[in-house]
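Trainee: Got a minute to go through the labels on this model with me? I'd like to hear how each one is justified.

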Amino acid sequence: MVGCAPEGGQPQRQPPHGHPYTPRMRKRHLLFEILQTVALTVIAYYLLMTFVTQPFRVEQTSMQNSFQPGEYVMVDKITPRITGFHRGDVVIFRPPESWPSSSDGTPYIKRVIGLPGETIVLGPEGLTVDGTRVDEPYVYREGGDDVEDLTSWTLGPDERSEEHTSELQ
């Protein structure tokens with residue numbers, strides 16, 4: 001008969017029920033799982049920071065009261081690639097090396113107020129784009145609403161290969 005003990009002998013041993021791994025194999029499997037999880041986490045982090053989003057620390061006071069120095073902002077890298085930039089968007093960029101304040105490598109955080117080909121005028125009446133007044137509820141003026149000097153900027157077409165993309169009139 002199958003599975004019966006031979007006469008006068010020991011019964012046949014059945015494999016123990018339970019996990020098929022030995023303790024040593026379980027440790028190796030656990031180590032592999034941990035390494036795999038860490039590697040996938042590092043890859044996901046790299047892909048997110050490179051292509052999707054990136055944190056920046058605000059280090060300038062030019063965007064008060066929207067952003068305070070020391071705050072962190074997350075930058076969306078996908079939307080501008082799809083839709084481009086629009087008036088009112090907040091952008092972060094590293095200034096060209098030819099700018100005087102670029103030596104420390106601090107990124108600039110600024111708001112888009114004009115697009116290529118538009119004439120921007122900042123004067124006592126506020127900001128106008130191509131002669132139309134623009135409401136800027138986000139503007140913070142430390143000394144009040146008075147703007148002493150009339151300043152006009154004409155933005156040309158996108159000339160990224162040029163050193164300057166705007167002219168002061």
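Mentor: Sure, let's start with Tyr-108, which counts as buried at 13% relative accessibility. Before we go on: this is a predicted model, where local features need pLDDT of at least 70, side-chain atom pairs count only at pLDDT 80 or more, and totals for chains, interfaces and linings use all residues. Residues are numbered from 1 along each chain as its sequence is written, and side-chain values use heavy atoms, with hydrogens and water left out.

Trainee: Why is Tyr-108 called buried?

Mentor: Buried means under 20% relative accessible area, exposed over 50%, and partly exposed in between (1.4 Å probe, protein chains only). Tyr-108 has 13%, so buried is the label.

Trainee: What makes Phe-93 and Tyr-108 a tilted pair?

Mentor: Rings of Phe, Tyr and Trp (its six-membered ring) pair if their centres lie within 6.5 Å; planes under 30 degrees apart are stacked, over 60 edge-to-face, and the rest tilted. A search of the whole structure gives 1 aromatic pair. Its rings, Phe-93 and Tyr-108, have centres 5.5 Å apart and planes at 55°, so tilted it is. Phe-93 sits in strand 3 and Tyr-108 in strand 4, so the pair ties together parts 15 residues apart in sequence. Strands here are DSSP runs (E, at least two residues) and helices are too (H or I, at least four), numbered from the N terminus.

Trainee: And which label does Phe-93 get for accessibility?

Mentor: Partly exposed, given a relative accessible area of 29%.

Trainee: How do you know that Arg-87 and Glu-118 form a salt bridge?

Mentor: The definition asks for a side-chain nitrogen of Lys or Arg within 4 Å of a carboxyl oxygen of Asp or Glu. Arg-87 and Glu-118 are at 2.5 Å, N to O, so they qualify. Arg-87 is in the loop between helix 2 (79–83) and strand 3 (90–93), and Glu-118 in the loop between strand 4 (108–111) and strand 5 (119–123), so the pair ties together parts 31 residues apart in sequence. The whole-structure search finds 1 salt bridge.

Trainee: Are these two partners buried or exposed?

Mentor: Glu-118 is buried at 13%, while Arg-87, at 34%, is partly exposed.

Trainee: What makes Met-74 exposed?

Mentor: Its relative accessibility is 53%, so the exposed label applies. Met-74 belongs to strand 2 (residues 72–76). Leaving aside neighbours within four places in sequence, Met-74 is in contact (heavy atoms within 4.5 Å) with Thr-53, Gln-54 and Pro-55.
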